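Biologist: Could you take me through this model one feature at a time, giving the reasoning behind each answer?

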Amino acid sequence: MSKSRKLHQLITEQETDPTTSTTQREDEEERDEIEEIICQISLLDFPGGSESFEMAAKFCYGVKVDLNSSIIAPLRCAGEFLDMTEEYSEDNLISRTERFFSQSVLTSLKESIKALKSCERVMPLAESLGITERCIDSIASRASSVDPALFGWPVSEAANENNFRARSNQALWKEIESTLRRKGSGAKSNNADSWFEDLTLLSLQLFKRLIWAMKMGDLNPEIVESCLMNYAKKHIPGLSRSNRKPSSSSSSSSAASEGEQREVLETIVSNLPLQKSSRSSTTTRFLFGLLRTANILNAAEECRSTLEKKIGLQLEQATLDDLLIPSYSYLNETLYDVDCLERILGHFLDGLEEERNGGEIEAGGDGGGGNVRPPTLMVVGKLIDGYLAEIGSDANLKSDRFYNLAISLPEQARLFDDGLYRAVDVYLKSHPWTSEAEREKICGIMDCQKLTIEACTHAAQNERLPLRAVVQVLFFEQIQLRHAITGTLIAAGADSARPSLLRRRAEEEEEEEIEAEEGATQERNSNAWRGAARENQVLRLDMDSMRTRVHQLERECSNMKKVIEKIDKECPRQNNGGWRGSLTRRFGCKFKTQVCDSHEQTVVNARKGRQPHHLHQQ
């Protein structure tokens, strides 16, 4: 009664009202004993329940109460409900809780989140007292002014009282010293993870208000995106394919219903930043998980369209496993949702076109960059070729769907068409009933000039390809081989025809390099000289080897000539022309002996006196 004006009034009213005061008599012998007055007071809708009332009662009786961020909001509301003001009693509960709330809770990001979580139990009164709004403002302002890697560190604010400033600075440096003793980056990441984990405990309504305040405060979009990702992973099961099992800590009774999950998902998607994320592929994988879940939960069309557009802006960060979105519609016969991927690819190409147009405007309207191959486009081209190979084995996939998806990418997306050839081969193998016209149409998406030698060799022996495609492959394969052989012969002829010129050029290049690098350090001169000398030595060795080989061939030709002449002299002329006559009689052919001599410019002719012999029957 000395601390609470409300309790004082209620008890006083019951004491003065004779209908509310009753005398307890056990029997007639105890009528002379002291009468006991019992006051029954009902405190309906007490904020925080019996736990808060017990702490308020302990405070009234002088029992020490350890204040913390988890109980400060219910205790502040209890003091308001019991009218424990400073005017009624000095250093009362309201002033004590307000001082702790301002000095210890609002100065820390983590403590503000815990206090905001405790407001859920006393929401009507906490909202009217401004506790919820102050917690949200504190979280949003501190999240925007502190490095995300250091979330969780207390940040002191200037206060009027000198003792509060000293206490805050001391706590700050203690926290910094304890954190620096941890393992550098590991400690920072743990603090950030702890901060994000605390946010996931908030209710959806409070979380929506907090995200709105963060976005209004121009907070870094990556921080907002991280908050949304952690909250979604906590409240929407099955976002990640690697973790589809429910956690053991969460019971089936606490699992959110399908409607609640849909509401959480639509809230997350509506608050995602529209610009492209600069993070790794983790964000893209998370977006694909949201899209699969949106299809399962039958989310709103606007929600799914927003996800497809955001995925399309960063499609180059996706993996093949991300693209394999199952088809959940009964109207779609295919195993995977090909229509969805076509829409995502369309958003990617639109974004690429906008970037190219913007670059041309900045470059002064130069339109000569049409033949440039953007790296992101080539990455997506390889990704789509892999996707075509995966869905090509689906027996229900129509040839038109396969063809339209394959030709949706521009020509610059593929440096080689080997991946596209593999996808075509998989589709024809899984669809043997395809007609000849359809097979020719499907093979028409390949450019045979962009196939490597290995792919051409395989395609030339592929019985599943139509005849026209095989002929084209063979034609371009012959052209590639001809170009390769011609280039090799030209290079070899140039090397053998002009060795002295190459040697002179090598010496001149060596001299030029030495003259150009006179002003450089000794180490660079030494390295350049060694490289040039090594190349010159290799060239000399090659020339010496070629000269030795030529001499060997000349000696062999000379020896063969001497042996042939010796045989002619030793063999009798009357025996039908010697050894040549025997060969003529045996094989029925006539020939002249021609020996190549590298030292002579003419060919050794057959002796004029020799007459041809006719074949006789043996």
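**Loops, helix packing and core**

Modeller: In this predicted model, N298 lies in the loop between α13 (281–297) and α14.

Biologist: Is N298 buried or exposed?

Modeller: The phi of N298 is near 55°, a positive value in a residue other than glycine. Since residues over 50% relative accessible area are classed as exposed, and N298 has 54% relative accessibility, N298 counts as exposed.

Biologist: D91 also has a positive phi although it is not a glycine; which class of accessibility does D91 fall into?

Modeller: D91 is placed in the loop between α3 (72–81) and α4 (93–105), and its phi is about 50°. The class between buried and exposed runs from 20% to 50% relative accessible area, and D91, with a relative accessible area of 31%, is therefore partly exposed.

Biologist: How is helix α12 oriented to helix α14?

Modeller: Helix α12 (residues 258–271) and helix α14 (residues 301–313) pack with their axes 10 Å apart and at an angle of about 45°. That angle makes the orientation of α12 to α14 oblique.

Biologist: Which residues of α14 does α12 meet, and how do the residues of that contact divide by type?

Modeller: From α12, the residues L265, E266 and V269 take part, and they meet C303, T306 and L307 in α14. By type, the residues of this contact of α12 with α14 divide into 4 nonpolar, 1 polar and 1 charged.

Biologist: Which helix gives the largest share of the largest nonpolar core?

Modeller: The largest nonpolar core has 103 residues, and W195, M214 and L290 are those with the most contacts inside it. The largest share of this core amounts to 8 residues, and the helix they come from is α17 (residues 375–391).

Biologist: How many residues does the other core, which lies apart from it, have?

Modeller: A56, I71, A78 and L82 are among the residues of this other core. Its size is 11 residues.

Biologist: D385 is found in helix α17; is D385 buried or exposed?

Modeller: Leaving aside residues up to four places away in sequence, D385 touches R414, G419, L420 and A423. Because the cut-off for burial is under 20% relative accessible area, D385, at 6% relative accessibility, counts as buried.

Biologist: What percentage of the residues in the protein chain is buried?

Modeller: The protein chain has 25 helices and 0 strands. Of the 618 residues in the protein chain, the buried ones make up 35%.

Technical notes:
Residues are numbered from 1 along each chain as its sequence is written. This is a predicted model: local features need pLDDT of at least 70, side-chain atom pairs count only at pLDDT 80 or more; totals for chains, interfaces and linings use all residues. Side-chain values use heavy atoms; hydrogens and water are left out. Axes are lines fitted to C-alpha atoms, for helices over the stretch in contact, and angles run from 0 to 180 degrees between N-to-C directions. Helices (H or I, at least four residues) and strands (E, at least two) are DSSP runs, numbered from the N terminus. Angles under 35 degrees count as roughly parallel, over 145 as roughly antiparallel, 65 to 115 as roughly perpendicular and the rest as oblique. Contact means heavy atoms within 4.5 Å. Ala, Val, Leu, Ile, Met, Phe, Trp, Tyr, Cys and Pro count as nonpolar, Asp, Glu, Lys and Arg as charged, and the others, Gly among them, as polar. A nonpolar core is a set of buried Ala, Val, Leu, Ile, Met, Phe, Trp, Tyr and Cys residues joined through side-chain atoms within 4.5 Å. Buried means under 20% relative accessible area, exposed over 50%, partly exposed in between (1.4 Å probe, protein chains only).
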